[in-house]
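These are my notebook entries on a structure that I had not examined before. I set down what I looked up, in the order in which I looked it up.

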Amino acid sequence: MAKIQAQHTIEIENIQQEHQNTLRDVKLRVEVEKEHWLENQKQKQDAALLAKEREIRSNLKEDRNKEIEMVINKLEEQAALQKEESQANLDCRMKRLRDKYESQISDLEHLNNTTQGKLNAMKERVTDLEADNIRLRGNIKSIERQFEDIENVNNRLKSERDKVEEVIRQEFSERLVRLEEENKNLQIRISGVQDETQAGSGTLG
């Protein structure tokens with residue numbers, strides 16, 4: 001009985017040992033399979049994550065490209081609008097400047113024509129004045145010649161007058177002398193006549 005019980009115990013221990021061995025083998029296989037599974041899952045997850053990342057990157061790149069394209073299109077539209085506005089402003093400003101400069105040019109041309117007309121009139125006036133000056137110079141020279149002629153005539157007349165005065169004075173002196181002599185003779189004759197008259201009166205008495 002004891003022998004059977006001992007044998008039974010040994011069998012139980014053997015069974016337990018086999019069970020332990022089997023359990024250990026199963027745990028070991030399970031652990032290895034688990035590690036393989038985990039490794040496979042990790043690789044799958046890594047591959048999936050990498051694919052997802054690539055997909056996300058691709059989507060992000062596409063979205064970014066779309067956003068960039070939208071931004072570029074918007075900027076191009078804004079640039080085109082600004083260009084149109086700038087061109088319109090530039091055209092308007094150029095028109096104002098052109099009108100301003102054309103007005104100034106027209107005013108300058110009018111002023112130039114007026115000034116040219118005044119200049120031509122002044123030139124004509126200067127020409128007339130120069131002609132008048134030449135004519136006046138000729139008149140002055142003629143008057144100077146006339147004045148010289150008059151002066152010469154005046155000098156000649158003065159000389160002749162002096163000569164005439166001298167002649168007259170000479171003649172007057174001579175006549176005065178003759179008159180004095182005639183008066184003296186006349187006085188003598190009168191005295192003679194008186195003497196004769198007185199003498200005749202005495203004889204009659």
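Entry 1, salt bridges. I counted five salt bridges in this predicted model, taking a salt bridge as a side-chain nitrogen of Lys or Arg within 4 Å of a carboxyl oxygen of Asp or Glu. I noted that the model is predicted, that local features need pLDDT of at least 70, that side-chain atom pairs count only at pLDDT 80 or more, and that totals for chains, interfaces and linings use all residues. I also noted that residues are numbered from 1 along each chain as its sequence is written, and that side-chain values use heavy atoms, with hydrogens and water left out.

Entry 2, aspartate 132 and arginine 135. I found a salt bridge between these two residues, with the closest N and O atoms 3.5 Å apart. Aspartate 132 and arginine 135 are about one helical turn from each other, because they lie three residues apart in helix α1. For helices I used DSSP runs (H or I, at least four residues), numbered from the N terminus. Aspartate 132 is partly exposed at 29% relative accessible area, and arginine 135 is partly exposed at 47%. My cut-offs were under 20% relative accessible area for buried, over 50% for exposed, and partly exposed in between (1.4 Å probe, protein chains only).

Entry 3, arginine 161 and glutamate 165. I looked up this pair next and recorded a salt bridge of 3.8 Å, N to O, between the side chains. The two residues are four apart in helix α1, so about one helical turn separates them. Glutamate 165 counts as partly exposed at 37% relative accessibility, and arginine 161 is also partly exposed, at 46%.

Entry 4, glutamate 166 and arginine 169. How far apart are the closest N and O atoms of this salt bridge? I recorded 2.7 Å for arginine 169 and glutamate 166. Both residues lie in helix α1, three residues apart, about one turn of the helix. Arginine 169 is partly exposed at 44%, and glutamate 166 is partly exposed at 40%.

Entry 5, a nonpolar patch. I then turned to the surface, where Val164, Ile168, Phe172 and Leu176 form a nonpolar patch with about 380 Å² of accessible area together. Patches are made of residues with over 30% relative accessible area and no salt bridge, nonpolar side chains being joined within 5 Å and like charges within 9 Å. Accessible areas come from the Shrake-Rupley method with a 1.4 Å probe. Phenylalanine 172 is found in helix α1, which spans residues 2-204. Is phenylalanine 172 buried or exposed? I entered phenylalanine 172 as exposed, because its relative accessibility is 56%.
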